[in-house]
Amino acid sequence: MSASGRTTPAFRALIPVGWIAAIALAVWLAFGHGFTNYDTFYALVWGDEIAHGEGPDLDVVLPPTPHPLATLAGIVLSPLGDDAPDAVVVIAFLALGAVGYLTYRLGSEWFNRPIGLLAGAIVLTRVPMVDFGVRAYVDIPYIALVLAALLIETRSPRAGWPVLGTLAVAGLLRPEAWLFSAAYLLYLAYTWPDRPPGWIAPLVSLLRPRELLGLTALAASAPVLWALSDLAFAGDALYSLTGTQDTVDTLERETGIGGLVTEGPPRLGEVVREPVLLGGAAGVVLTFTLLRHRARLAFAAGVLAVGAFSLLAIAGLAVITRYLLLTGTILSIFCAVAVFGWMLLDQDRSGRTPWMAIGAAIALLLIAFVPAQAGRLDDLQGSIADQERIQDDLRELADSGGFEPGCAPVSVPNTRPVPMLALWLDRRPSDILPAVRADDGDLIPVEPGEGYLVEPTSAEVEEDFELDPNDPGKRTAPVPPSFEPVEENRSWELLASCPLVRPAR
């Protein structure tokens with residue numbers, strides 16, 4: 001703060017950071033649990049391999065999509081070793097805080113502060129948002145970056161490179177951002193003050209030096225960098241697309257236009273739940289009818305979010321809940337508009353009184369569903385706590401000293417523990433074997449004859465620590481008699497059939 005009592009630009013820039021950190025801390029104190037998920041663990045493993053001069057080990061069962069920015073984070077966090085997952089959890093809670101704060105800011109800028117506050121509260125109490133947030137999925141930072149780009153454009157219309165730069169970073173986490181970049185670039189071209197008349201000329205300006213060519217390059221940077229990353233990563237510029245399609249087929253997930261129609265609406269309802277779905281629909285209709293001039297960017301963001309999700313499904317990617325989190329965030333803002341949007345109408349406006357009645361009804365519905373929503377959050381907290389405990393016990397087993405470097409392979413009950421043990425034991429993921437192993441795209445059954453066997457101590461642990469119901473790596477065969485116990489804790493038992501290992505007494 002300056003001597004005159006006015007805040008400096010640097011101090012003002014730190015205010016959002018403080019709010020994001022405060023919201024992240026509040027979510028942590030309220031929820032109290034979090035861990036790094038399977039996909040992000042692989043980003044840490046691959047980043048660590050690259051940091052040590054090795055090629056990423058892709059010859060594994062169910063490899064996740066290698067998101068370039070997540071892999072880069074794995075490289076940067078590699079010096080932390082086994083503590084890298086803890087750093088990722090901190091980043092995950094900060095990303096949740098950013099989503100909550102930016103939702104509030106957008107609601108406030110587009111409409112008013114009560115709408116922003118309610119929208120932020122809705123978003124941070126949706127079970128899928130919290131669930132994928134505390135498990136450190138890349139989708140939450142992606143949403144935060146897209147919301148940040150929307151806020152930049154809201155405060156500085158036609159801002160240009162700051163918006164495209166933010167979307168370019170988002171586009172290294174999720175390909176949906178590419179559609180946002182392309183749409184924004186076309187918007188700039190057709191609203192360019194000096195553009196020549198006609199429909200074709202603005203498109204030509206995107207490729208003409210000294211006009212919009214630099215912005216075009218910035219908009220194209222994310223897909224180009226992703227393709228180059230895949231080429232360096234796997235020798236195939238389309239590896240992320242084809243690999244993800246293979247995983248969708250293996251796990252038998254819904255996709256395509258059929259999956260979009262049958263699974264899309266229920267998944268969106270799962271994100272926001274019935275009151276917000278109803279309130280969001282009412283807010284869209286009311287805003288379009290009476291406040292259209294204030295919501296152009298909100299409408300555009302919603303259409304692009306739905307369009308990007310639809311394109312993913314048509315391209316053969318799965319119709320799953322987390323791909324609809326951004327759509328749910330925009331819909332939550334419109335739900336808040338349904339409750340408080342009447343405040344923006346003049347006293348004598350004909351639609352104000354009906355809107356007040358609708359807003360009161362939506363508010364009562366939201367309040368009536370608070371106990372049910374609280375129950376869902378409690379259930380989620382219990383589930384996350386159980387999984388965190390099981391994962392902590394797996395790390396304890398890895399740190400116990402029971403694993404001898406010369407004894408291999410390590411066999412696990414399903415695919416989920418593979419990247420975790422790979423990081424904690426400093427082994428290649430392809431040396432950690434579920435019930436099948438990858439061989440040139442085929443899955444070959446594995447019967448453990450020697451090495452280590454990691455077994456859950458109960459059926460509950462096995463069920464809670466499952467990657468997917470259709471996981472092809474689930475082991476169903478009994479423990480071979482040649483394996484003897486070495487270590488055990490609350491959740492896991494380590495057995496060995498190896499001359500180097502001395503069995504537990």
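This short talk covers the internal cavities, two helices and selected salt bridges of one structure. Please bear in mind throughout that the model is predicted.

I begin with the empty space inside the protein. Rolling a probe the size of a water molecule over the atoms shows where such space is left. In this model the count comes to four cavities of 30 Å³ or more.

The largest cavity has a volume of about 90 Å³. It is lined by 13 residues, and those closest to its centre are Tyr-142, Glu-176, Arg-322, Tyr-323 and Leu-326. Three helices each supply at least two residues of this lining: H7 (139–155), H14 (296–314) and H15 (325–340). Sorted by class, the lining holds eight nonpolar residues, one polar residue and four charged residues.

The second largest cavity encloses about 50 Å³. Its lining consists of Asp-39, Thr-40, Ala-43, Trp-46, Thr-65, Pro-66, His-67, Ala-70, Thr-71 and Val-138. Helices H2 (38–51) and H3 (68–77) are the elements that give two or more residues to this lining, and H2 provides the largest share, with four residues. Five of the lining residues are nonpolar, four are polar and one is charged.

Let me return to two of the helices around the largest cavity, starting with H7. This helix has 17 residues and spans 24 Å from its first C-alpha to its last, close to the 24 Å expected at 1.5 Å a residue. How much of H7 is covered? Twelve of its 17 residues are buried. Among them are Asp-139, Tyr-142, Leu-147 and Glu-153. The buried residues of H7 pack against H4 (84–110), H6 (127–134), H8 (161–170), H9 (176–190), H14 and H15.

Helix H14 has 19 residues and reaches 27 Å between its first and last C-alpha, close to the expected 27 Å. Its buried residues include Phe-299, Gly-302, Leu-304, Phe-309 and Ser-310. They pack against H4, H7, H9, H13 (256–290) and H15. After H14 comes Gly-316, whose phi is positive, near 100 degrees.

I turn now to the salt bridges. A search of the whole structure finds 19 of them. Arg-428 takes part in a salt bridge with Glu-49, with the closest N and O atoms 3.2 Å apart. Arg-428 lies in the loop between H18 (418–425) and strand S2 (432–433) while Glu-49 lies in H2, so this pair ties together parts that are 379 residues apart in sequence. Arg-428 is partly exposed, at 29% relative accessible area, whereas Glu-49 counts as buried, at 5%.

Arg-428 also forms a salt bridge with Glu-54, where the closest N and O atoms are 3.4 Å apart. This pair, too, links distant parts of the chain, 374 residues apart, with Glu-54 in the loop between H2 and H3. Glu-54 is partly exposed, with a relative accessible area of 40%.

A pair within one helix is formed by Glu-109 and Arg-105, whose closest N and O atoms are 3.3 Å apart. Both residues lie in H4, four residues apart, about one turn of the helix. Glu-109 is partly exposed, at 30%, while Arg-105, at 16% relative accessibility, counts as buried.

Finally, a network of salt bridges links Asp-39, Asp-139, Arg-174, Glu-176 and Arg-322. Several names in it have come up already: Glu-176 and Arg-322 are among the residues closest to the centre of the largest cavity, Asp-39 lines the second largest cavity, and Asp-139 is one of the buried residues of H7.

Notes. Residues are numbered from 1 along each chain as its sequence is written. This is a predicted model: local features need pLDDT of at least 70, side-chain atom pairs count only at pLDDT 80 or more; totals for chains, interfaces and linings use all residues. Side-chain values use heavy atoms; hydrogens and water are left out. On a 1 Å grid over the protein atoms alone, a cavity is a set of points where a 1.4 Å probe fits but cannot get out, and a pocket is an open set with protein on both sides within 12 Å along at least five of seven lines; lining residues have an atom within 4 Å of a point. Grid points are joined across faces, edges and corners, and a volume is the space filled by probe spheres set on the points. Ala, Val, Leu, Ile, Met, Phe, Trp, Tyr, Cys and Pro count as nonpolar, Asp, Glu, Lys and Arg as charged, and the others, Gly among them, as polar. The expected span of a helix is 1.5 Å times one less than its number of residues. Buried means under 20% relative accessible area, exposed over 50%, partly exposed in between (1.4 Å probe, protein chains only). Contact means heavy atoms within 4.5 Å. A salt bridge is a side-chain nitrogen of Lys or Arg within 4 Å of a carboxyl oxygen of Asp or Glu.
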